[in-house]
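Subject: A structure for you to explore

Hello,

Here is the structure I promised to pass on to you. Have a look around it first, and then read my notes below with the viewer open.

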Amino acid sequence: SSTQIHPAPPVRFVSIRLHQHLGAPLEPCVAVGDRVFAGTKIADAESRTAVPIHSSVSGRVSGIDPDSILIVSDEANVRDPEIQMRTVIPSTPGAIADIVREAGIVDLGPRPFPLHHRLAEAQSRGVERVILNGCESEPFLTADHLLMLNHPVEILKGAELIRRAAGAGGAVIAIERNKLEALEVLNSKNYHLKIDLVHTQA
């Protein structure tokens with residue numbers, strides 16, 4: 001249906017670029033012929049201004065050049081066995097930022113920048129509130145809306161982790177007025193979070 005997220009079909013190969021953000025350049029940490037899984041780290045840098053990149057498929061590395069790593073997929077998308085569900089949430093902002101960095105997360109701006117640096121900057125500036133933008137960039141897009149409908153618990157947990165990592169006192173999830181179904185779903189799953197409807201001008 002229109003409110004469900006369906007997985008994409010498997011691909012035969014992927015070419016993953018080594019330069020995906022404004023941080024330091026990355027170096028491959030795999031070699032041609034290596035077996036990789038979905039989530040295996042394939043490139044990293046010693047600099048804290050960089051974040052690693054990971055394979056999006058399981059398969060075998062078939063080529064490496066200065067700009068990209070080519071992986072032939074086994075079309076099984078087997079997750080890296082080293083990736084385990086965390087049972088303990090870190091208590092300090094720095095520890096959360098380290099996890100964000102190791103996960104290779106960057107922001108979604110026009111010039112992607114490592115998110116752990118954004119979080120450290122927010123903490124140093126004494127940010128009071130984190131805003132999660134659940135509004136679409138175009139009128140007919142529904143990506144953010146569907147994420148909130150299908151993964152409300154993950155979004156709420158993520159909002160709390162980002163709030164802690166940024167040292168903020170609160171978090172706000174911005175939702176469009178014509179997508180209030182997402183508000184109802186989030187409100188039904190929240191963990192003692194206060195959710196208010198705030199009217200803003202277009």
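How many bridges join β3 to strand β6, and do they run parallel or antiparallel? Two bridges join them, and β3 and β6 run antiparallel. You can find one of the pairings yourself: R35 has R60 in β6 as its bridge partner. Before we go further, please keep in mind that this is a predicted model.

**The overall picture**

The protein chain has 202 residues, and 30% of them count as buried. Its C-alpha atoms fill a box of roughly 55 × 45 × 35 Å along the principal axes. The chain holds five helices and nine strands. Reading from the N terminus, the order of elements is β-β-β-β-β-β-β-α-α-β-α-α-β-α. About 13200 Å² of the protein chain is exposed, and carbon and sulfur atoms supply 56% of that area. Among contacts with a separation of 6 or more, 63% are between residues 24 or more positions apart.

**Two sheets**

Let's return to the strands. β3 and β6 belong to an open sheet of four strands, in the order β1-β7-β6-β3, with antiparallel pairing. Its edge strands are β1 and β3 (35–36), each of which pairs on one side only.

There is also an open sheet of three strands, ordered β2-β4-β5, and the pairing there is antiparallel too. In this sheet the edge strands are β2 (27–28) and β5 (53–54), each pairing on one side only. Two bridges hold β2 and β4 together in the antiparallel sense, with E27 standing opposite D44 in β4. On the other pairing, β4 and β5 are joined by two bridges and run antiparallel; here K41 has H54 in β5 as its bridge partner. Remember K41, as we will meet this residue again.

**The nonpolar cores**

Here is a general idea to carry with you: in soluble globular proteins, nonpolar side chains tend to be buried together. Which residues touch the most other members of the largest nonpolar core? They are I42, I53, I69 and I71, in a core of 16 residues. The elements that give two or more residues to this core are β1 (13–17), β4 (41–44) and β7. A second, separate core has ten residues, including V100, L119, A122 and A165.

I53 is a good residue to click on. Leaving out residues up to four places away in sequence, I53 touches I16, R17, L18, Q20, L26, T40, K41, I42 and A43.

**A nonpolar patch on the surface**

Some nonpolar residues lie on the surface instead. F13, L70 and V72 form a nonpolar patch there, with about 260 Å² of accessible area together. V72 sits in strand β7 (residues 68–73). Why does V72 count as partly exposed? The reason is its relative accessibility of 41%, since partly exposed covers the range between 20% and 50%.

**Salt bridges**

Side chains of opposite charge can pair when their charged atoms come close. A search of the whole structure finds eleven salt bridges. One to look at is between E102 and K41, where the closest N and O atoms are 2.7 Å apart. This pair links distant parts of the chain: E102 is in helix α1 (residues 93–102) and K41 is in strand β4, 61 residues apart. Both partners count as partly exposed, because E102 has 37% relative accessibility and K41 has 28%.

E102 also meets R101 in a salt bridge, at 3.7 Å from N to O. Is R101 buried or exposed? R101 counts as buried, because its relative accessibility is 7% and the cut-off for buried is under 20%. Salt bridges that share partners join K41, D44, R101 and E102 into one network.

Another salt bridge is the one between E176 and K179, with 3.4 Å from N to O. K179 has 8% relative accessibility and therefore counts as buried.

If you want a path through the model, start at the bridge between K41 and H54 in β5, and then follow the salt bridge from K41 to E102.

Enjoy exploring, and write back with any questions!

Best wishes

Technical notes
Residues numbered from 1 in each chain as written. Predicted model: local features only at pLDDT ≥ 70, side-chain atom pairs only at ≥ 80, totals over all residues. Heavy atoms only, no water. Patch = residues over 30% accessible without salt bridge, like charges linked within 9 Å, V, L, I, M, F, W, Y side chains within 5 Å. Areas by Shrake-Rupley, 256 points an atom, 1.4 Å probe, with all protein chains shown as cover. Salt bridge = Lys/Arg side-chain N within 4 Å of Asp/Glu carboxyl O. Buried < 20%, exposed > 50% of the residue type's maximum accessible area, 1.4 Å probe, protein only. Core = buried A, V, L, I, M, F, W, Y, C linked by side-chain atoms within 4.5 Å. Contact = heavy atoms within 4.5 Å. Pairing = 2+ DSSP bridges.
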